[in-house]
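User: I've got a model open and want to check some of the labels people put on it. Can you walk me through the reasoning behind them?

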Amino acid sequence: MAAATTLDRANEILDDEALAEEKLLEELENEEIPSHLREARLQSLKNEADQFKMMKEKSHGVYTEIMEEKQFLDTTTSEDRCVVHFFHADFRRCAIMDTHLEKLSKIYFETKFAKINVDHAKFFVEKLKIRMLPALICFNKGIVCDRVIGFEDLGNTDSFQTIVLERRLGKSGVIDVPEEINTKKSIFGHSKTHVDDDSSDDDD
């Protein structure tokens, strides 16, 4: 499985597209690759940069708040893969979920991560039959493909690590979790991943 594109990687491609193309040309020329293959590779690079530019304009790589229901509908129907957190400002577990989603939004650039206050989305709260918070609704091409309700799937503890949510969303298909994330262990015998390497005491 291909590695997920992080926000930093997307920015690198967008900021250094010309330099990357120049380096790629040098590399391909040194390897004496036929011109038609070189042109195809360069076109692929350009397409990737164009796609990332469009995603960045739609705030990919940033955990954003949706302010009203029309925006929610526009967001979920226009994205290939999207995770929306239905939250309430007074719920401590919703704040905990925010911390983890903020991290994942920077790791999985291709997926749109957002949240919406249930007070601003009463129609969709009822339509989606949301009865417990926090509630993550996962969308694939505008269709609900999975739900993560409360912390039951996350160890039923407030101190779950980001990797637990990462793996759970991977099962939904809304993020492409690298295989090594499912097998990597820390020196303490617990699962460890890139999102936990720089985590703060929020995960403890």
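Analyst: Sure. Keep in mind that this is a predicted model. Let's start with a pair of charged residues: D146 forms a salt bridge with R168, and their closest N and O atoms are 2.7 Å apart.

User: What makes the D146 and R168 pair a salt bridge?

Analyst: The cut-off is 4 Å between a side-chain nitrogen of Lys or Arg and a carboxyl oxygen of Asp or Glu. The closest N and O atoms of D146 and R168 are 2.7 Å apart, so the pair qualifies.

User: Why say that this pair ties parts of the chain together?

Analyst: Because D146 sits in strand 5 while R168 sits in helix 7, parts that are 22 residues apart in sequence. As for accessibility, D146 and R168 are both buried.

User: How do you know that E126 and R131 form a salt bridge?

Analyst: Same kind of test: their closest N and O atoms come to 3.7 Å, and the limit is 4 Å, so the label holds. R131 is called exposed because its relative accessible area is 60%, and exposed means over 50%.

User: What about R92 and D158: how far apart are their closest N and O atoms?

Analyst: They are 2.7 Å apart, and the pair forms a salt bridge. R92 belongs to helix 5 (residues 92-107), whereas D158 is in the loop between strand 5 and helix 7, 66 residues apart. The structure holds 10 salt bridges.

User: Why is R92 called exposed but D158 partly exposed?

Analyst: R92 has a relative accessible area of 57%, and over 50% counts as exposed. D158 has 22%; buried would need under 20%, so D158 falls in the partly exposed range.

User: Why does K115 count as buried?

Analyst: Its relative accessibility is 16%, and buried means under 20%, so K115 makes the cut. K115 is in strand 3 (residues 112-117). Leaving aside neighbours within four places in sequence, its contacts include Y63, I66, V84 and F87.

User: What makes the phi of K129 worth flagging?

Analyst: Phi of K129 is near 55°, a positive value in a residue other than glycine. K129 is in the loop between helix 6 and strand 4, and it's exposed because its relative accessible area is 60%, with the cut-off at over 50%. K141 also has a positive phi, about 55°, without being a glycine; K141 lies in the loop between strand 4 and strand 5.

User: Which peptide bond is cis?

Analyst: The one from L133 to P134, with omega near -5°. P134 lies in the loop between helix 6 (122-127) and strand 4 (135-140).

Conventions
Residues are numbered from 1 along each chain as its sequence is written. This is a predicted model: local features need pLDDT of at least 70, side-chain atom pairs count only at pLDDT 80 or more; totals for chains, interfaces and linings use all residues. Side-chain values use heavy atoms; hydrogens and water are left out. Helices (H or I, at least four residues) and strands (E, at least two) are DSSP runs, numbered from the N terminus. Buried means under 20% relative accessible area, exposed over 50%, partly exposed in between (1.4 Å probe, protein chains only). Contact means heavy atoms within 4.5 Å.
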